[in-house]
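Subject: Handover of a structure and notes on its contacts

Dear colleague,

I am passing the structure below to you, together with a short account of what was found in it. Please read the notes with the structure open beside them.

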Amino acid sequence: MAVTQSGETHHTIEGSGSPLILVHGLGMHGGMWRPLLPALAAQHTVITFDLAGHGQSPPPGDPISLGSFSEQLRRLMDALQIARTALAGFSLGGMVVRRFAVDYPERASALIVLNSAHARTEAEREAVRKRVEQAKVSGPDATIDAAIERWFTPEFRSAHPEAIAEVRAAVLAQDRAVYPNLYRVLAEGDAEIATSIATLRIPLLAMTSEYDPGNTPEMSRRMAALVPGAEVRIVPGLRHMGIWEHSQIFTDAILDFLTRRL
């Protein structure tokens, strides 16, 4: 595995084959993809990176927006001389890859959108905005306990305290001054791409967990309905971070989709 810094972006490169770039969720970093990497890298050149303000990438400049994350991804691809790639994004990362494909349609060959919100109702959006306000007052500490409950099933939390501790540490490491602004992008970003993704003409897989309360199966179905030929997969029994609880399900789905559609 190569670990490097390209301008403002810390990233890793592993494997060989056609490129696949993975984009993590809010409060995490590129390392969240670790459970999926061995299988994905056996068939693809897999690039993971830290979004600005996360992990080892420095804080973003102002304004922080979905567009600025899309631009960061473009600059990374330019630095790595990747003209076109498949993209998989989780949660906030799923918004980033959709925005990127709208901004640079000639540079995205396929999209895999995992546990990511689409066209929230006003009530759903207000629930996220309340967490943004909590983070403004108290930083990541204010939201992490409730997040852990939303993200993992009780059975996984009980059986894997080390995984829970790793996720908790990643979120709590966020800069208290920056984190609320990053959270705001998560709260508002789905609205700006709610209709524009209808312009996409590339393969898209919208995948989420049955019991993900903020990134629901209905959202994935509505998202896929806008893109001709898009596919939907709902994983039963899991919550937001099902990608860690049963990584093989997600790995197999990603590889099957890319094999069939690229």
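The notes that follow deal with salt bridges, helix packing and buried positions.

Please keep in mind throughout that this is a predicted model.

Salt bridges

The count of salt bridges comes to 18. Three of them are described here.

The first to consider joins Arg120 and Asp190, whose side chains meet with a nitrogen-to-oxygen distance of 2.6 Å. Arg120 belongs to the loop between β6 (108-114) and α4 (122-138), while Asp190 belongs to helix α8 (residues 179-192), so this pair ties together parts that lie 70 residues apart in sequence. Both Arg120 and Asp190 are buried, which means that each has a relative accessible area under 20%.

Another salt bridge lies within helix α2 (residues 66-79). There the side chains of Arg75 and Glu71 meet at 3.8 Å, N to O. Because Arg75 and Glu71 are four residues apart in the helix, about one helical turn separates them. Arg75 is partly exposed, at 36% relative accessible area, and Glu71 is likewise partly exposed, at 23%.

A further salt bridge links Arg129 with Glu126, and their closest N and O atoms are 3.7 Å apart. Both residues lie in helix α4, three residues apart, or about one turn of the helix. Arg129 is partly exposed, with a relative accessible area of 26%, and Glu126 is also partly exposed, with 33% relative accessibility. Elsewhere, salt bridges with shared partners join Glu71, Arg74, Arg75, Asp78 and Arg107 into one network.

Packing of helix α4

Helix α4 also takes part in two helix contacts that deserve your attention.

The axes of α4 and α8 come within 8 Å and cross at roughly 170 degrees. Angles over 145 degrees count as roughly antiparallel, and α4 and α8 are therefore roughly antiparallel to each other. On the α4 side, the contact involves Arg125, Val128, Arg129, Arg131, Val132, Ala135 and Lys136; these meet Tyr179, Pro180, Tyr183, Arg184, Ala187, Glu188, Asp190 and Ala191 in α8. By class, the residues of this contact divide into eight nonpolar, no polar and seven charged. Asp190, the partner of Arg120 in a salt bridge, is thus also one of the α8 residues that meet α4.

With α5 (141-151), the axis of α4 comes within 7 Å, and the two cross at roughly 140 degrees. That angle makes α4 oblique to α5. Here Arg131, Gln134, Ala135 and Ser138 in α4 meet Asp141, Ala142, Thr143 and Arg150 in α5. The contact of α4 with α5 has two nonpolar, three polar and three charged residues. Arg131 and Ala135 are listed in this contact and in the contact with α8.

Buried positions

In helix α9 (residues 217-225), the residues Pro217, Met219, Ser220, Met223 and Ala224 are buried. They cover an arc of only 160 degrees around the axis, which puts them on the same side of α9. These buried residues pack against α3 (92-103), β6, α4, β7 (204-209) and β8 (231-235).

Finally, Thr153 is found in the loop between α5 and α6 (154-159). Thr153 is buried, with a relative accessible area of 7%. Leaving aside residues up to four places away in sequence, Thr153 touches Gly237, Leu238, Arg239 and Glu245.

With kind regards

Definitions and conventions:
Residues numbered from 1 in each chain as written. Predicted model: local features only at pLDDT ≥ 70, side-chain atom pairs only at ≥ 80, totals over all residues. Heavy atoms only, no water. Salt bridge = Lys/Arg side-chain N within 4 Å of Asp/Glu carboxyl O. Buried < 20%, exposed > 50% of the residue type's maximum accessible area, 1.4 Å probe, protein only. Axes fitted to C-alpha atoms, helices over the stretch in contact; angles between N-to-C directions. Parallel < 35°, antiparallel > 145°, perpendicular 65-115°, else oblique. Contact = heavy atoms within 4.5 Å. Nonpolar A, V, L, I, M, F, W, Y, C, P; charged D, E, K, R; others polar. Arc of directions from axis to C-beta.
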